[in-house]
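Q: I am new to this structure. Where should a reading begin?

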Amino acid sequence: MGCEFCGKNVDKVYICSSCGLVFCKDCGYPEKKLCRECEAELSEEREI
Ligand SMILES: [Zn+2]
Ligand SMILES: [Zn+2]
């Protein structure tokens with residue numbers, strides 16, 4: 001199973017709880033279960 005953002009085949013991948021895409025630790029935030037795209041969106045919303 002590979003990361004859907006960088007395309008790398010990594011040992012450990014995570015599933016974004018917002019969009020459902022698979023990401024590696026370099027492409028998102030495993031502790032938040034969010035990919036970088038969704039994390040960026042959510043943090044923007046919080047600032048408004
Ligand atoms: Zn990745
Ligand atoms: Zn996402």
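A: Start with one loop. In this predicted model, K33 sits in the loop between β3 (28-29) and β4 (34-35).

Q: Is K33 buried, exposed or partly exposed, and why?
A: The class depends on a count of C-beta neighbours, and partly exposed lies between 12 or fewer for exposed and 20 or more for buried. K33 has 15 such neighbours inside 10 Å, so K33 counts as partly exposed.

Q: What is the phi of K33?
A: Most residues other than glycine have a negative phi. The phi of K33, however, is near 55°, a positive value in a residue that is not glycine.

Q: Which residues is Y14 in contact with, leaving aside its neighbours within four places in sequence?
A: K33 is one of them; the others are F23, G28 and P30.

Q: Which residues form the largest nonpolar core?
A: Nonpolar side chains tend to be buried together in soluble globular proteins. Here the largest nonpolar core has nine residues, with Y14 and F23 joined by L34 and by the cysteines C3, C16, C24, C27, C35 and C38.

Q: How much of the protein is buried?
A: Of the 48 residues in the protein, 21% are buried.

Q: What pattern does the protein follow along the sequence?
A: The protein has four strands and one helix, and along the sequence they run β-β-β-β-α.

Q: What does the C-alpha trace span along its principal axes?
A: The span is about 35 × 15 × 15 Å.

Q: What share of the contacts with a separation of 6 or more comes from residues 24 or more positions apart?
A: Such pairs account for 4% of those contacts in the protein.

Conventions
Residues numbered from 1 in each chain as written. Chains lettered and ligands numbered in written order. Predicted model: local features only at pLDDT ≥ 70, side-chain atom pairs only at ≥ 80, totals over all residues. Core = buried A, V, L, I, M, F, W, Y, C linked by C-beta atoms within 7 Å. Contact = placed C-beta atoms within 7 Å. Helix = DSSP H or I, 4+ residues; strand = E, 2+ residues; numbered from the N terminus.
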